[in-house]
Amino acid sequence: MKTVSMSGSLRENVGKKDARDLRLQGKVPCVVYGGEKEIRFCSDAKALIELFNKPEICFVELDIDGQKVKAIPQEVQFHKVTDSLMHVDFLELRADRPISMAVPLVVTGNSVGVLKGGKLLKRMRRLRLRALPADMPENIKVDITDLDIADEVKVKDLCSDKFKIMEDMTAAVVTIKATRNAVAAASAAESAEAAK
């Protein structure tokens, strides 16, 4: 799993007034929990927004006034009206403790069904996984090469010993849907075959 570095400063005061002052300075109040003690700090709003706008998931190496902590974002709060970043909760990573993350799905290959005129439907963009930090994948690849029209890949087809999938196992991840053109092409091929 990729790790992104981010710096922060310990918060001397905790409260609504202090949080408001920090936001006016372009900082966001944050907290790291799950370790020996909770750490309250603030970090640059732009750096945090950049982190959350990345398409891939990653661990975060926090440098809080020289104290290094490896963590993952756990909860992010945005303002209801302005959509500005209000607060971030981080969970400290420990090698022996499983974590939960929503991992992106990456579709690979050229489907037989799509080449015949079918349409690829992505039913899910991410899968919620539970795993030890060392076993958490950056993404899950879904190979669609062998999928024909009306075929699909289900959640149960993506299982692994390294992680547990926290989704309905019977749910479809990707489906190749028949289109009018594909149906017309198939019936034309059948007619041509019958005419021989």
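In the predicted model, D18 and R11 are joined by a salt bridge. The closest N and O atoms of D18 and R11 lie 3.3 Å apart. D18 is buried, and R11 is buried as well. Each of these two residues therefore has a relative accessible area under 20%. This pair belongs to a set of nine salt bridges in the structure.

A salt bridge also links D21 to K17, with 3.2 Å between the closest N and O atoms. Both residues are part of helix α1, which covers residues 16-24. Because D21 and K17 are four residues apart in this helix, about one helical turn separates them. The two partners fall into separate classes of accessibility. D21 has a relative accessibility of 29% and so counts as partly exposed. K17 has a relative accessibility of 55%, which means that K17 counts as exposed, the cut-off for this class being over 50%.

Elsewhere in the sequence, R94 forms a salt bridge with D96. Here the closest N and O atoms are 3.9 Å apart, and this pair therefore counts as a salt bridge under the limit of within 4 Å. R94 has a relative accessible area of 38% and is therefore partly exposed. For D96 the relative accessible area is 58%, so D96 is exposed.

The salt bridges described here thus include one between buried residues, D18 and R11. They also include the bridge of D21 with K17, in which K17 is exposed, and the bridge of R94 with D96, in which D96 is exposed.

Methods
Residues numbered from 1 in each chain as written. Predicted model: local features only at pLDDT ≥ 70, side-chain atom pairs only at ≥ 80, totals over all residues. Heavy atoms only, no water. Salt bridge = Lys/Arg side-chain N within 4 Å of Asp/Glu carboxyl O. Buried < 20%, exposed > 50% of the residue type's maximum accessible area, 1.4 Å probe, protein only. Helix = DSSP H or I, 4+ residues; strand = E, 2+ residues; numbered from the N terminus.
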